[in-house]
Amino acid sequence: MNTMTTTTTTTVLDASDVTMRFGGLTAVRSVSLTVNSGEIVGLIGPNGAGKTTFFNCLTGLYVPTEGKVSYKGTVLPPKPHLVTQAGIARTFQNIRLFANMTVLENVLVGRHTRTKEGLWSALLRGPGFKRAEKESKERAMELLEFTGLAAKADHLARNLPYGEQRKLEIARALASEPGLLLLDEPTAGMNPQETRAAEELIFAIRDMGIAVLVIEHDMRFIFNLCDRVACLVQGEKLVEGTPEVVQSDERVIAAYLGTPFEGAPGADELAEVEAAEAAAPSTNSRTEEAQ
Ligand SMILES: Nc1ncnc2c1ncn2[C@@H]1O[C@H](COP(=O)(O)OP(=O)(O)OP(=O)(O)O)[C@@H](O)[C@H]1O
């Protein structure tokens, strides 16, 4: 929640008329979308609607066939490492961690776009390199505290439970000090309790001053979390608006939701979350899996 009285909203991301064709298939057709500072924006739509392809166009993995993508007023070069350097970080639908590296090492990898020390400095391990290494480690530990993973800093990534691997991906993305975070299905495979914790984590990220664009199929999560939601269908943006507008739009219901969305959690689901929360002493002190 923004408590400042004199906040100015700026456009962080401006994607304009983005089209992506693969041979004869138009996966994304002339989609425009902005994300402003302080906002959490959701991207929804049926399987194959073009959501991940659109993300890939934003992050330089794909060069859009048409259209342009700007970050804070500057057109982005279509190269993933330059996009990260500019200030956009992302997570992937399928978790992409370095499984045999520790939790801390995974976050340190995410810092490489922010460390200025060059190859020679690293090879010689001079004072500049050692100072940068120490600062990176401190920042990485801060991010592990923030995401609730500090106690597992020395564990191998592959030994973390699934929900914590997703958190680690977020910590690693935050390590590049982004101004915009793109999350591709951050709650996929999570239980209701983990989903709720992920929601809180994303609010906290927004409160740190990082704008968020999130793809998700869990509509309760999306409508609860987002200031604005855009619905893609067959590569085109069908509707964009507040959660209230999007969830009651007849076209969204027909093309995606199937039935009108009911916002309040069902009694069974609420009971399941509350029982799980009561059983777990805290999110950070889960039973550790064997290393
Ligand atoms: N590299 C590619 N080459 C060819 N076709 C592709 C490529 N990537 C995606 N597509 C196609 O583009 C369309 C959009 O796929 P995309 O993965 O972006 O959808 P999505 O909305 O993210 O779906 P989901 O919710 O299932 O993840 C699909 O028809 C897909 O098969």
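Q: A residue is counted as buried if 20 or more other C-beta atoms, placed from the backbone, lie within 10 Å of its own; what percentage of the 291 residues in the protein chain do buried residues make up?
A: The model is a predicted one, and its protein chain contains 11 helices and 10 strands. With the whole chain of 291 residues taken as the basis, the share made up by buried residues is 36%.

Q: Is Ala173 buried or exposed?
A: Ala173 lies in helix α6, which covers residues 162-174, and its contacts beyond four places in sequence are with Ala89, Arg90, Thr91, Gly110, Pro178 and Leu181. Because a residue needs 20 or more other C-beta atoms within 10 Å to be placed in this class, and because Ala173 has 23 such neighbours, Ala173 counts as buried.

Q: What distance separates the C-alpha atoms of Ala173 and Gly189?
A: Along the chain, Ala173 and Gly189 are 16 residues apart. In space, the separation between the C-alpha atoms of these two residues is 20 Å.

Q: In what order do the strands of the 6-stranded open sheet stand, and which strands are at its edges?
A: The pairing in this open sheet is mixed, and the order of the strands is β6-β7-β8-β3-β9-β10. Two of these strands have a single partner strand each, so one side of each is left without a neighbour in the sheet. From one strand to the next, the twist averages 20°. The strands at the edges are β6 (88-90) and β10 (236-241).

Q: What angle does the direction of helix α7 make with that of β8?
A: Strand β7 (residues 180-184) pairs with strand β8 (residues 211-215) in the parallel sense over 5 bridges, and Leu183 has Val214 of β8 as its bridge partner. Helix α7 (residues 192-207) packs on this sheet, where it touches β3 (40-44), β7 and β8. Relative to the direction of β8, that of α7 makes an angle of about 150°.

Q: Which residue takes a positive phi in the hairpin of β9 and β10?
A: Strand β9 (residues 228-233) and strand β10 run antiparallel and are joined by 5 bridges, with Cys231 standing opposite Val239 in β10. The hairpin of β9 and β10 has 2 residues between the strands, and the residue with a positive phi, near 50°, is Gln234.

Q: In the 4-stranded open sheet, which residue of β2 is the bridge partner of Ala15?
A: The strands of this sheet follow the order β2-β1-β4-β5 with antiparallel pairing, and β2 and β5 (74-75) have a single partner strand each, so one side of each is left without a neighbour in the sheet. Between β1 and β2 the antiparallel pairing extends over 8 bridges. In β2, the bridge partner of Ala15 is Leu33.

Q: Is Asp17 buried or exposed?
A: Most residues other than glycine have a negative phi. Asp17, which has its place in strand β1 (residues 11-22), instead has a positive phi near 50°. Because the limit for this class is 12 or fewer other C-beta atoms within 10 Å, and because Asp17 has 12, Asp17 is exposed.

Q: What is the exposure class of Glu185, given its 19 C-beta neighbours inside 10 Å?
A: Glu185 is placed in the loop between β7 and α7, and its phi is positive, at about 50°, although Glu185 is not a glycine. A buried residue needs 20 or more such neighbours and an exposed one has 12 or fewer, so Glu185, with 19, counts as partly exposed.

Q: Which element gives the most residues to the side of domain 1 that touches domain 2?
A: The domain assignment gives domain 1 (11-87 + 178-279) and domain 2 (103-176), and the contact takes 10 residues from domain 1 and 10 residues from domain 2. On the side of domain 1, the elements that give two or more residues are α2 (80-86) and α7. The residues of this side divide into 5 nonpolar, 4 polar and 1 charged. With 3 residues, the element that gives the most is α2.

Q: Which element supplies the largest share of the shell around the ligand?
A: The residues around the ligand include Phe22, Leu25, Asn47, Lys51, Thr52 and Gln93, and by class the shell has 4 nonpolar, 7 polar and 1 charged residues. At least two residues of the shell are supplied by each of β2 (25-36) and α1 (51-58). The largest share, 3 residues, comes from α1.

Technical notes
Residues are numbered from 1 along each chain as its sequence is written. This is a predicted model: local features need pLDDT of at least 70, side-chain atom pairs count only at pLDDT 80 or more; totals for chains, interfaces and linings use all residues. A residue is near a molecule or strand if its C-beta atom, placed from the backbone, lies within 6 Å of it. Ala, Val, Leu, Ile, Met, Phe, Trp, Tyr, Cys and Pro count as nonpolar, Asp, Glu, Lys and Arg as charged, and the others, Gly among them, as polar. Two residues are in contact if their C-beta atoms, placed from the backbone, lie within 7 Å. Two strands pair if DSSP finds at least two bridges between them. Axes are lines fitted to C-alpha atoms, for helices over the stretch in contact, and angles run from 0 to 180 degrees between N-to-C directions. Domain bounds come from an automatic or database domain assignment.
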